[in-house]
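Please work through the following exercises with the sequence and the coordinates at hand. Each task is followed by a solution that proceeds step by step.

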Amino acid sequence: MAGDRFNALVLEQQDKKVSHALREIGVDDLPEGDVTVAVEYSTLNYKDGMVVNGIGNLVRNYPHVPGIDFAGTVEASASDRYKPGDKVVLTGWRVGEVHWGGYAQKARVKSDWLVKLPDRLSTKEAMAVGTAGFTAMLCVLALENHGLTPDAGTVLVTGAAGGVGSVAVSILAKLGYTVAASTGRPEEHDYLKSLGAAEIVERATLSEYSGRPLDKELWAGCVDTVGSTTLASVLTQLKYGRSVAACGLAGGPKLETTVIPFLLRGVNLLGIDSVMQPYENRVKTWQRIATDLPHEKLAAMTEVCGLSAVAEAAGRILQGKIRGRLVIDVNA
Ligand SMILES: NC(=O)c1ccc[n+]([C@@H]2O[C@H](COP(=O)([O-])OP(=O)(O)OC[C@H]3O[C@@H](n4cnc5c(N)ncnc54)[C@H](OP(=O)(O)O)[C@@H]3O)[C@@H](O)[C@H]2O)c1
């Protein structure tokens, strides 16, 4: 980094087509905010794949720096909460969509959006978790808040070899749950077992919705990252009074189902949003991540690449071809 110039992945839009380039930009180019962070790591999430490929109208203004999460060290702060040298993490608040994000060596943001890193997590580990892992933990917390305990039976994770799914499998296994992992990739069965899955469920058995209002009661809970017909199937297979935490739409946004599982089995559909979580919840969730996610499992599900590899990987994540978590080392 020469002077106050630094590298960023910049998106431009022309004739409704989004292009990307690695550029040198300056601190003065950064958007307003009361904390400037020297970014160390970001990650690639499904939403980043959409933003980099110009899908879903998530970005309001171009030029734009994507990256919906980052971890790094506070460089300058006008906030009482942070001082230079503090290690911080950011997920959500539409950073990387409406506000410039983490695919740059510096970011300037509102202090309210940041969380101090728990002592047990490095900036690299925090981004191995990233928005996907943070969301997985929110799902587990929501299921626990609705009474899930390890003795209730098997917990299903759908889209299990993806980012949210891999972290969910690891956390649930560490907490003593019996985990069934649903995947469409046979080559990832061993990987999922290494994360702690006791059982593999073929993706098609869930994505091909039977249309029956109720099926055999199989699951004590579910973390669903897929939505669509998969979520419809899960609702018909939940045990009496049990819950599914629905956080994703990797299989599509539509949900066609019946109210019968709600009326006859008292099941719960818990919506999970990671973007607008209040500060206190974020702090609590990161603390739980620091204690409940085994570090060696996190390392096993993580690959690292530099900013120059983001665009290609952004295409792959939309095709469901990224395994686990991809960390972006913005200084590589
Ligand atoms: N609510 C929130 O705040 C929040 C936060 C983060 C992410 N999300 C959402 O959660 C979902 C997962 O995110 P991620 O970062 O884990 O993405 P990811 O790494 O791409 O994982 C998604 C997984 O879904 C499965 N999948 C892909 N296409 C599918 C299809 N057509 N039908 C059935 N399964 C399919 C694949 O798992 P297998 O290969 O194992 O089958 C894939 O690895 C995304 O929809 C994302 O937008 C929501």
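**Exercise 1.** Classify Asp 215 as buried or exposed, and identify the side chain that it meets in a salt bridge.

Solution. In this predicted model, Asp 215 has a relative accessibility of 16%, and because the cut-off for a buried residue is under 20%, Asp 215 counts as buried. The next step is to look for its partner, which is Arg 212, the two side chains meeting in a salt bridge with an N to O distance of 2.9 Å. Arg 212, by contrast, is partly exposed, with a relative accessible area of 46%.

**Exercise 2.** Determine how Arg 288 and Asp 292 are placed in helix H8, and describe the contact between them.

Solution. Begin with the general geometry: an α-helix has 3.6 residues a turn, so residues three or four places apart point the same way. Arg 288 and Asp 292 are four residues apart in helix H8 (residues 279-292), and therefore they are separated by about one helical turn. Their salt bridge has its closest N and O atoms 2.5 Å apart. As for accessibility, Arg 288 is partly exposed at 22%, whereas Asp 292 counts as buried at 10%.

A second pair can be treated in the same manner. Glu 312 and Arg 316 both lie in helix H10 (residues 310-318), four residues apart, or about one turn of the helix, and they form a salt bridge whose closest N and O atoms are 2.9 Å apart. Arg 316 is partly exposed, with a relative accessible area of 33%. To set these pairs in context, a search of the whole structure finds 13 salt bridges, and Lys 47, Arg 94 and Glu 97 are linked in a network of them.

**Exercise 3.** Establish what surrounds the side chain of Arg 325, given that this residue is buried yet has no salt bridge.

Solution. Arg 325 is located in strand E15 (residues 325-329). The nearest side chain of opposite charge belongs to Asp 69, at 4.5 Å, and because a salt bridge requires a nitrogen within 4 Å of a carboxyl oxygen, the pair does not qualify. Turning to backbone partners, one finds a polar atom of the Arg 325 side chain 2.8 Å from the backbone oxygen of Ala 128, while the side chain also reaches the backbone oxygen of Leu 44 at 3.5 Å.

**Exercise 4.** Compare the span of helix H2 with that of a straight helix, and locate its bend.

Solution. For 23 residues, a straight helix would span 33 Å at 1.5 Å a residue, but H2 (residues 123-145) spans only 29 Å between its end C-alpha atoms. The helix bends by about 70° at Gly 130. Most of H2 is covered, since 19 of its 23 residues are buried, and after the helix comes Gly 147, with a positive phi near 95°.

**Exercise 5.** Find the polar contacts of Gln 105 and those of the ligand.

Solution. Gln 105 sits in the loop between strands E5 (87-91) and E6 (106-109), and at 8% relative accessibility it counts as buried. A polar atom of its side chain lies 2.7 Å from the backbone nitrogen of Asn 7, and a polar contact of 2.9 Å joins the side chains of Gln 105 and Asn 331.

For the ligand, 24 residues lie around it, and those that come nearest include Val 164 and Ser 274. Ligand oxygen atoms are found 2.8 Å from a backbone N or O atom of Val 164, 2.9 Å from a polar backbone atom of Leu 249, and 2.7 Å from an N or O atom in the side chain of Ser 274.

Methods: Residues are numbered from 1 along each chain as its sequence is written. This is a predicted model: local features need pLDDT of at least 70, side-chain atom pairs count only at pLDDT 80 or more; totals for chains, interfaces and linings use all residues. Side-chain values use heavy atoms; hydrogens and water are left out. Helices (H or I, at least four residues) and strands (E, at least two) are DSSP runs, numbered from the N terminus. The expected span of a helix is 1.5 Å times one less than its number of residues. The bend at a residue is the angle between axes fitted to the seven residues ending there and the seven starting there. Buried means under 20% relative accessible area, exposed over 50%, partly exposed in between (1.4 Å probe, protein chains only). Lys and Arg count as positive and Asp and Glu as negative; His and the chain ends are not counted. A polar contact is a pair of N or O atoms within 3.5 Å; within protein, one must be able to donate a hydrogen and the other to accept it, and residues adjacent in sequence count only if both atoms are side-chain atoms. A residue is near a molecule or strand if one of its heavy atoms lies within 4 Å of it.
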